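Me: Could you take a close look at one part of this model for me, the metal site and what surrounds it in the fold? I'd like one connected walk-through rather than a list.

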Amino acid sequence: MSPPAIRAVIAPVTPLQQNCTLVWCAKTMKAAIIDPGGEVPRLMGALDQYGLTLEKIWITHGHLDHAGATAQLKALTGAVIEGPHRDDAPLIAGIPESGARFGMPDARSFEPDRWLDDGDRVTLGETEFEVYHCPGHTPGHVVFFHREARFAQVGDVLFQGSIG
Ligand SMILES: [Zn+2]
């Protein structure tokens with residue numbers, strides 16, 4: 001058996017305890033933070049702890065608790081922002097307003113480097129993930145899926161049954 005190509009840890013962030021995921025390519029140690037809702041210093045500490053370089057910021061959807069710290073993380077690391085689907089653009093534009101309402105005044109809106117669409121693929125180090133557009137919870141919600149590792153970051157989408 002070959003070792004898994006990817007590894008992942010979960011860190012609950014924000015007063016809403018959203019599950020932010022740190023995932024990385026085991027060979028290159030290049031990482032993606034999926035759904036950085038907040039607590040950037042803690043996320044930076046986790047990168048240090050595992051010896052990782054942040055390559056990507058992946059966003060499943062434009063809600064405050066999933067995307068509120070994206071701009072801050074981008075400014076600190078220069079990582080490439082991928083996702084969500086373009087249909088969440090109005091939600092992302094509204095992040096500062098919902099941040100003010102939910103006690104997260106530092107939350108900012110942002111412009112992704114790449115909007116994602118159903119069937120897209122995103123790379124991380126030497127690995128590749130599939131992208132699914134799953135509207136419902138929000139119009140532009142996407143899911144990141146690594147087939148061999150049976151890893152799925154589903155954001156706030158609930159699946160009937162299971163995938164993989
Ligand atoms: Zn949500």
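Reply: Here's a tour that begins at the metal, moves on to the sheet and ends with the charged pairs.

Keep in mind that this is a predicted model. The zinc ion is held by four residues: His61 and His137 each coordinate through NE2, His63 uses ND1, and Asp156 brings in an OD atom, with distances of 2.1 to 2.2 Å. In sequence terms, the donors are spaced as H-x1-H-x73-H-x18-D. That spacing has a structural side to it: histidine 63 sits in the loop between strand E4 (53-58) and helix H2 (64-67), while histidine 137 sits in the loop between strand E7 (127-133) and strand E8 (142-146), so this pair ties together parts that are 74 residues apart in sequence.

What about the geometry? The angles among the four donor atoms run from 87 to 166°, and the site comes out as irregular. The tetrahedral label needs all angles between 85 and 135 degrees, so the upper end of that range rules it out. As for solvent, histidine 63 is partly exposed at 24% relative accessibility, and histidine 137 is partly exposed too, at 39%.

Histidine 137 is a handy way into the sheet, since its loop runs between E7 and E8. Both strands belong to an open, four-stranded sheet with the order E6-E7-E8-E9 and antiparallel pairing. Strand E6 (121-124) and strand E9 (151-153) are the edges, each pairing on one side only. From one strand to the next, the twist averages 25°. If you zoom in on E8 and E9, you'll find three bridges in the antiparallel sense, and phenylalanine 145 stands opposite alanine 152 in E9.

Now for the charges. By the 4 Å rule, the model has eight salt bridges. One of them joins the side chains of arginine 121 and glutamate 128, at 3.1 Å from N to O. Both partners are partly exposed: arginine 121 has a relative accessible area of 44%, and glutamate 128 is at 41%.

Another one pairs arginine 147 with glutamate 130, and here the closest N and O atoms are 2.8 Å apart. Arginine 147 lies in the loop between E8 and E9 and glutamate 130 in strand E7, so to speak a link between distant parts of the chain, 17 residues apart. The two ends sit in contrasting surroundings: arginine 147 is partly exposed, with a relative accessible area of 45%, whereas glutamate 130 is buried at 11%. There's also a network, in which salt bridges with shared partners join Lys56, Glu82, Arg114 and Asp120.

One more pair is worth a visit. The side chains of lysine 74 and aspartate 113 meet in a salt bridge at 2.8 Å, N to O. Lysine 74 is in helix H3 (residues 70-77) and aspartate 113 in the loop between helix H5 (95-101) and E6, so this contact ties together parts that are 39 residues apart in sequence. Lysine 74 is partly exposed at 26% relative accessibility, and aspartate 113 is partly exposed at 46%.

To pull it together, the zinc ion has His61, His63, His137 and Asp156 as its ligands, and the loop carrying histidine 137 joins this site to the E7 and E8 part of the fold.

Definitions and conventions: Residues are numbered from 1 along each chain as its sequence is written. This is a predicted model: local features need pLDDT of at least 70, side-chain atom pairs count only at pLDDT 80 or more; totals for chains, interfaces and linings use all residues. Side-chain values use heavy atoms; hydrogens and water are left out. Donors are N, O and S atoms within 2.8 Å of the metal (3.2 Å for Na, K and Ca); water is not among the atoms, so sites may look incomplete. Four donors count as tetrahedral if all angles lie between 85 and 135 degrees; four count as square planar and six as octahedral if opposite donors are over 155 degrees apart and all others between 65 and 115; anything else is irregular. Helices (H or I, at least four residues) and strands (E, at least two) are DSSP runs, numbered from the N terminus. Buried means under 20% relative accessible area, exposed over 50%, partly exposed in between (1.4 Å probe, protein chains only). Two strands pair if DSSP finds at least two bridges between them. Axes are lines fitted to C-alpha atoms, for helices over the stretch in contact, and angles run from 0 to 180 degrees between N-to-C directions.
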